[in-house]
Structures are given as C-alpha cells and as structure tokens.
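Dear colleague,

I am handing over the structure below, and after it I set out what was found. Please read the notes with the coordinates open beside them.

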Amino acid sequence: MNEHRDGRLRTRWRRAARTVAVAAASVGIGVLSIGFTAGAANAGVSAADRGTPNALAAASVSQVAAGDLHTCVTRTDGTLWCWGNNFYGQLGDGTNTNRTGPVRIGDATTWARIDVGSSNTCAVRTDGTLWCWGGNSNGQLGDGTTTRRNSPVRVGAATTWASVSTGANHTCGVQTTGTLWCWGLNRHAQLGVGTSPQLTTTPVQVGTATTWASVTTGYAHTCAIRTDRTLWCWGSSSDGQLGLGIRDYRATPTQVGTATTWTGVTAGYAHTCAVRAEGTLWCWGENGYGQVGGGTGFQTTPIQVGTATTWARVETSIDSSCATRTDGSLWCWGNNTSGQLGDGTTTHRSTPTRVGTATTWADGAAAAYHACAARTDGSLWCWGDNSFGQLGDGTTTHRSTPAQVALPA
C-alpha cells in the first residue's frame, strides 16, 4: 500500500491491456496499428460541425459509457446496446464474440443507468435492481464469485440501487437510501472500508453515512459527493489523484478541501476532475499528457482549469478528459495517441481543445482510447481507436473526429 507499490500500478495495467490484446488476437481478432482514414474522419467533422446528423438511423440515446475497448448505451425506450471487444463477455450478449456494430442485450426495456469498466459492465434497471457482467477476476461483478459472465447477473437482492460506477477491478454503487457500497479489489484501499479485506466478491457498505449522492471509480481510487455537496476521495494517491495534497493512500473517505459546491466528479486512471455549482472546472492527479488541463507535473490538490464559469459536466478516462459547457460545446484534452480528443489530430493537448464547432452536445463524452457522446437530437457520435469495433460503425477503422453511429431502429 506504500507509494512505491502504487507507483507500479501503471506498469501492471499496461501489461494487462497488452494481455487482453494478445488474447483477443489468439482467437482470431487482429489488433490494428493506428492509422486514420481521412475521408471518414472529414465526413464526421462535416456532419458534426453542421450541427445536424447525417442520414443514419435515429439513435435515441439516453446514456453512453465507454470502456477501454467496448461501448454501451441505453436508449430512451429502455433497451441496452453494446459493441466492441468481448473477450471477457463484457458486452453481455451471451457470447465472447467481438462486435463492430451495436447488439441488443437481452429483451428488457427497463435499463436506466449504465457504466463500463476495463473489461466489465454494470447497469441499474428501473426497478432498482443491479446487474453486472464481464471480467470478474477480482470479484468486481459482485455476484459472490470470481467467475466471468457473458450475460447480465444480478447483484444481490436489493431493489434500491440508484447508480453504479465500475473501474478496472472494483465497483461502487449508491442506493436510494443514500448509502454507499463497494466491492472487488481492495489492494489499495479503493473500497473505502480500510485495508482489509483485500478482495470482496459482494457489496460492503462504506461507513454508515446515508447522505451519499454519487460515486465514481478510477483504477485504484474512488471519489464521491454527498448531498451537502462536499467531495470525498479514498484509495491510491500515488499521483495525487485524491486531491488531498499527498502521494500516499487513504483507506477511508477523506474530504477534499472545504468547498460545499461540488456538483459532479469523475475519476480517471490516475487523475480526477470535478465541476462546481458556479460552473468552474477543477482537476488533479497525474498530468503526464496534460490531462489535468493546467500546471506541470503531478497536481496533488485541485487546480482550476482555465477561468471559464460555464462548465456543465466532465468525464475523465485513462489519460484524457472531456467536458461540455452550458452552450452545448464539447472540449477534450490530455492523451490523444488514438485520436480520442476528436480534434482531427493525434497531438496531446494540455488545455481544453474544442471538438468541432457543434453546440448540440448533450453530455460529457465517455472516453478511454476512444470516445463517444450523445447529441441533443438523441444521435450518437464516436471517435478514436477502433481496433475491436468499439466505435460501432461496422468497421475497425480509427477516426480522429466524431462520426455518427447508426443504432438499429
């Protein structure tokens, strides 16, 4: 749990990512080298900049979530759709077959909230039940086992789940009672229940508070907001990602500063970003690709990103961040190796860079090595790495600008 061990997180994670790619290749799925198709990318920009979708099927997307190599969305009709890498069964369609286009998961029409981790997926239904599937080597599915699942399995018997967030090896959720629960790997105290147990395959309550409003999970850290708009973080802070001015760890929730105006927080691999009620944006943690949006080197306490007071929502990922403003514009920064910033280049950005000129982005982009975001007309747009079809356009062609995804009618 010391800093030296935390410092090896990235090495282990990168090795794991390579292992997934090799394993997928061994079953007939080739990993493509990055090479963007200019024509397709330009077509995406043109449609996005016009502010209107092209002649693809209406999407009606209500929520989008992007994992390392797969994507899932819920639609306004309550259906759930996933695509991309499926080596661990993370698509939930009952197979381990990769999909380059959206496939419907089951026949339920009651999916309400969804989140996607590195190799697993979890979602809440309108009846308050929680379901997870995919990789489960550390018990992150919460079903009492470490068995991977290729279709949704219910987590316990509770019918009071309000939201869920799943990271690489652990998952957390908030119930309608205001209680917070976490499960999976706890090697870096990311479950918030102390340093023991090191792993749990079923949800454990974090403290006794009944005022938790939302939660977000990173690789080995967790942050949450309470109903009084205070912000709390715990787990690994090897790169300052807890925002507590330390590069160590905290085994239980610890308040970040004294502000009581936090409205949303998102945990990336080893950095964190959050929005305040006055519309300001703050980030902290690892900053090797500029993903914090300001400063140089590790940022162990929150720093304001620019001076704008019109930020609405922010999403962080592995080494990148994206955020929407109140005018409907979309901005991204950080690692851009795979074109995941959507600006038509593969140049890393240390400050927010606007994605096209559209002012109809409905929410923050869900991003990893690829990114996806919904528009106010319900259409879905994706860009970045597409090695496993995670852009959902039926190809494995990488794209450095947004291209619309045609969801089945």
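I begin with alanine 189, which is buried, its relative accessible area being 0%. This is a predicted model, and every value in this message should be read in that light. Alanine 189 sits in the loop between strand 11 and strand 12, and although it is not a glycine, its phi is positive, at about 65°. What makes such a residue worth a look is general: most residues other than glycine have a negative phi, and most peptide bonds are trans.

The loop that holds alanine 189 is also where proline 197 lies, between strand 11 (180-185) and strand 12 (199-205). The peptide bond that leads from serine 196 into proline 197 is cis, and its omega is near 5°.

A positive phi is also found at arginine 229, again a residue other than glycine, where the value is near 70°. Arginine 229 belongs to the loop between strand 14 (221-226) and strand 15 (231-236). Is arginine 229 buried or partly exposed? With a relative accessibility of 40%, arginine 229 counts as partly exposed, because that value falls between the 20% limit for buried and the 50% limit for exposed. Alanine 189, by contrast, is buried at 0%.

Turning to the sheet, four strands make up an open arrangement in the order 1-2-3-4, with antiparallel pairing. Its edges are strand 1 (61-66) and strand 4 (99-104), each of which pairs on one side only. On average, and with direction ignored, neighbouring strands of this sheet are turned by 15° against each other. Within the sheet, strand 2 (residues 70-75) and strand 3 (residues 80-84) are joined in the antiparallel sense over five bridges, and valine 73 stands opposite tryptophan 81 of strand 3.

Strand 2 also contains threonine 74, which is buried, with a relative accessible area of 0%. Which residues does threonine 74 contact once its neighbours within four places in sequence are left aside? They are Ser60, Val61, Ser62, Gln63, Thr79, Leu80, Trp111, Ala112 and Ile114. For one of these partners, isoleucine 114, there is also a distance: its C-alpha atom and that of threonine 74 are separated by 7.3 Å, while the two residues are 40 residues apart along the chain.

If you look at three places, I would suggest the loop with alanine 189, the loop with arginine 229, and threonine 74 in strand 2.

With best regards

Definitions and conventions
Residues numbered from 1 in each chain as written. Predicted model: local features only at pLDDT ≥ 70, side-chain atom pairs only at ≥ 80, totals over all residues. Heavy atoms only, no water. Pairing = 2+ DSSP bridges. Helix = DSSP H or I, 4+ residues; strand = E, 2+ residues; numbered from the N terminus. Axes fitted to C-alpha atoms, helices over the stretch in contact; angles between N-to-C directions. Buried < 20%, exposed > 50% of the residue type's maximum accessible area, 1.4 Å probe, protein only. Contact = heavy atoms within 4.5 Å.
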